[in-house]
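Here is a short guided look at a protein model, meant to be read with the structure open beside you. Please load it, and let us walk through it together.

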Amino acid sequence: MKLLTLNTHSLEEKAMRVKQVEFVKAIAALDPDVIALQEVNQTFAADDMQEPSARPGVPFREDNHAYMLHQLMKQQGLRYEMVWLPVKTGYSRYDEGLAFFTKKKILEVRSTLLSQQDDYDDFRTRRSLEVKTEDGWFVNVHMGWWNDELEPFAGQWKTLAKALPQDEPVYVLGDFNADAQVRGEGYDLVRASGFFDLYEEAQAKDDGMTVVQEIDGWREGDHPKKMRIDHLFSSRPVAVASCRTVFNGINEPVISDHFGLMAIVNPVE
């Protein structure tokens, strides 16, 4: 099973349509089973397509990044199920959300409010998007920061951990805003909660760095220039053949201010 996560920074990127085409072309070659995307945006100004979304009152609009990718996938003969969850307002002009694409049938969809507040107009509002297939639960997150005084990472993770199923496999994918190189913060908290880092478990891997430039949310403070803040975690031990960054300009083009991360895993009997 191949798992892929990417913070798309969608609609903020230049040449977005070209990058959407490049993304789908690469997906055809990478052939992931589950794709988790963050910062999946649509503009307030775009026309309403009258299609229901996972949040009442926030419809799909014509420039919805996930919808446009899905249409391109269909044109290329790629068969994925899709779900998009709008979470909050982004940059004062977007419905910003999370999206899953899965090869296998989605059996159930749900969301957990991770932040203490549920204010759609506040950038600190955080939710998870959770889907179930026959392979277990897959959870898509874009977490807050460890040192945020109002909505710290620790509270959000503890809320999510309590909500996750205990009797089924769970994979948590996404932008954690938690650098694996920094001790005593978000990454260590997730590991201490009993989750396995698929990058660390992998037999073959690259350096795993998913951010190699200055990005929003990390423009202040003392932190490494290169960070591993996008992660793939499993609630159970898994055999990981490989884990590497994707869309990093080496094997696939750079299409975001983050690189993606993909792992090939097999459950341990």
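## Backbone turns and packed rings

Ala15 is partly exposed, with a relative accessible area of 49%. This is a predicted model, and Ala15 makes a handy starting point in it. Look for Ala15 in the loop between β1 (2–7) and α1. Its backbone deserves a glance, as phi of Ala15 is near 55°, a positive value in a residue other than glycine. As background, most residues other than glycine have a negative phi.

Glu39 also has a positive phi, of about 50°, although it is not a glycine. The setting of Glu39 is strand β2 (residues 34–43). Is Glu39 buried or exposed? With 11% relative accessibility, Glu39 counts as buried, because the cut-off for buried is under 20% relative accessible area.

### Two helices that cross

Next, turn to helix α1 (residues 16–30) and helix α2 (residues 65–75), whose axes come within 10 Å and cross at roughly 50°. That angle makes α1 oblique to α2. As for handedness, the crossing of α1 and α2 is right-handed. On the α1 side, the contact is made by Met16, Arg17, Gln20, Val21, Phe23 and Val24. The α2 side contributes His65, Met68, Leu69, Leu72 and Met73.

How many of the eleven residues of α2 are buried? Eight of them are, so α2 is largely enclosed by the rest of the structure. The buried residues of α2 are His65, Ala66, Tyr67, Met68, Leu69, His70, Leu72 and Met73. Among the elements that cover these buried residues are α1, β2, β3 and β4 (94–102). Helix α1 is thus part of the cover over α2, and Glu39 belongs to one of the other covering elements, strand β2.

Strand β3 (residues 81–90) holds Leu85. Leu85 is buried, with a relative accessible area of 4%. If you would like a long view across the model, take Leu85 and Asp207: they are 122 residues apart in sequence and 31 Å apart in space, C-alpha to C-alpha.

Back in helix α1, find Leu30. Leu30 is buried, with a relative accessible area of 8%. Which residues does Leu30 touch, not counting residues up to four places away in sequence? They are Lys2, Leu4, Arg244, Val246, Phe247, Glu252 and Met262. Leu30 and Asn7, by comparison, are 23 residues apart in sequence and 17 Å apart in space, C-alpha to C-alpha.

### Aromatic rings

The structure holds ten aromatic pairs. One of them joins Trp157 and Phe195, an edge-to-face pair with 5.3 Å centre to centre and 80° between the planes. Trp157 lies in helix α3 (residues 153–163) and Phe195 in the loop between α4 (186–192) and β9 (196–197), so this pair ties together parts that are 38 residues apart in sequence.

Tyr187 and Phe233 form another aromatic pair, a tilted one, with 6.1 Å centre to centre and 45° between the planes. This pair, too, links distant parts of the chain: Tyr187 is in helix α4 and Phe233 in strand β11 (residues 230–234), 46 residues apart.

Are the rings of these two pairs carried by buried or exposed residues? The table lists each partner.

| Residue | Relative accessible area | State |
|---|---|---|
| Trp157 | 1% | buried |
| Phe195 | 9% | buried |
| Tyr187 | 5% | buried |
| Phe233 | 1% | buried |

Both pairs belong to a wider group: Trp157, Phe176, Tyr187, Phe195 and Phe233 form one aromatic cluster. It is worth selecting these five residues at once to see how the rings are arranged.

### Charges over rings

Finally, have a look at two places where a charged side chain meets a ring face. Arg110 lies over the face of Trp137, at 4.4 Å from the ring centre. Lys205 lies over the face of Tyr199, at 4.9 Å from the ring centre.

Notes: Residues numbered from 1 in each chain as written. Predicted model: local features only at pLDDT ≥ 70, side-chain atom pairs only at ≥ 80, totals over all residues. Heavy atoms only, no water. Phe/Tyr/Trp six-rings, centres within 6.5 Å; stacked < 30°, edge-to-face > 60°. Helix = DSSP H or I, 4+ residues; strand = E, 2+ residues; numbered from the N terminus. Buried < 20%, exposed > 50% of the residue type's maximum accessible area, 1.4 Å probe, protein only. Lys NZ or Arg CZ within 6 Å of the ring centre and 35° of its normal. Axes fitted to C-alpha atoms, helices over the stretch in contact; angles between N-to-C directions. Parallel < 35°, antiparallel > 145°, perpendicular 65-115°, else oblique. Left-handed = near helix turned anticlockwise from the far one by under 90°. Contact = heavy atoms within 4.5 Å.
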